[in-house]
Amino acid sequence: MKHPLRLLQAFTLFLAGLFGFFVFMGNLMDYDSNFQFVKHVLSMDTTFEGNALMWRAITTPWVWTAGYIGIIIAEGAFALIAIIGAVKLFLRRDASVAHYDRARGWGYAAYALGFAIWFIGFIIIGAEWFAMWQSSSWNGKETAMGIVTLWAGFAVLLAMNEPAREAEATA
């Protein structure tokens, strides 16, 4: 195998895209389940009794809908960018480092969007701003944290380069 690290990079980016695709399709096929999640998080109706942060609650239905549609679009874009990036990485697996590096940009874009969705969207905004962490029934903070940790590891893996091989170094 000529470039095992490059194959692993393409494979992990493909898996990230596949995950994003399944999340995207799940939101489309079972729209109401996750709409309820967004509705309850934004309205803060399952946070601690007497919560002093309730002034942050959004109880306007069109905002719930717009927020949820925004999440769905972002997850679909994440999936598309990651899968395109994975294909480009795979097709350039034997290319020069410079040519291969240009394909990595798709992966970096996908992981950046993934951080925006799951870290900014679910952890910073959902868990902290809307106090989602206080809810026993509508709390996705730990799930989002696991996803963000995975994207961080995959992004580091994507940034790695294979050491120069003996044959390439002497050529």
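## Helices α1 and α3

Helices α1 and α3 run roughly antiparallel to each other, because their packing angle of about 155° falls in the range over 145 degrees that counts as roughly antiparallel. This is a predicted model, and the pair is a friendly place to start looking around. Helix α1 covers residues 4-29 and helix α3 covers residues 61-91. Where the two pack, their axes are 7 Å apart.

The crossing of α1 with α3 is left-handed. Sorted by class, the residues in this contact are 19 nonpolar, six polar and one charged.

## Helix α5 and its partners

Next, follow helix α5, which spans residues 141-159. Helix α5 packs with α1 at an angle of about 150°, and the axes of these two helices are 9 Å apart. The angle is over 145 degrees, so α1 and α5 are roughly antiparallel to each other. Their crossing is left-handed.

Helix α5 also meets α4, the helix of residues 97-129. The axes of α4 and α5 come within 9 Å and cross at roughly 160°. Helix α4 is therefore roughly antiparallel to α5. Here, too, the crossing is described as left-handed.

## A nonpolar patch on the surface

Now turn to the outside of the model. Which residues make the nonpolar surface patch of about 670 Å²? The patch is formed by W55, F119, I120, I124, I125, W129 and M145.

Helix α4 gives the most to this patch, contributing five residues. Another member of the patch, M145, lies in helix α5. The patch therefore includes residues from both α4 and α5, two helices that are roughly antiparallel.

## Salt bridges

How many salt bridges does a search of the whole structure find? The search finds two. Side chains of opposite charge can pair when their charged atoms come close.

One salt bridge joins the side chains of D101 and R104, with a distance of 2.8 Å from N to O. To find this pair, look along helix α4, where both D101 and R104 lie. The two residues are three residues apart, which is about one turn of the helix.

## Putting the picture together

Helix α4 is a good landmark for a second look: α4 holds D101 and R104, gives five residues to the nonpolar patch, and crosses α5 at roughly 160°. From α5 you can move on to α1, at an angle of about 150°, and from α1 to α3, at about 155°.

Key
Residues numbered from 1 in each chain as written. Predicted model: local features only at pLDDT ≥ 70, side-chain atom pairs only at ≥ 80, totals over all residues. Heavy atoms only, no water. Axes fitted to C-alpha atoms, helices over the stretch in contact; angles between N-to-C directions. Helix = DSSP H or I, 4+ residues; strand = E, 2+ residues; numbered from the N terminus. Parallel < 35°, antiparallel > 145°, perpendicular 65-115°, else oblique. Left-handed = near helix turned anticlockwise from the far one by under 90°. Nonpolar A, V, L, I, M, F, W, Y, C, P; charged D, E, K, R; others polar. Patch = residues over 30% accessible without salt bridge, like charges linked within 9 Å, V, L, I, M, F, W, Y side chains within 5 Å. Areas by Shrake-Rupley, 256 points an atom, 1.4 Å probe, with all protein chains shown as cover. Salt bridge = Lys/Arg side-chain N within 4 Å of Asp/Glu carboxyl O.
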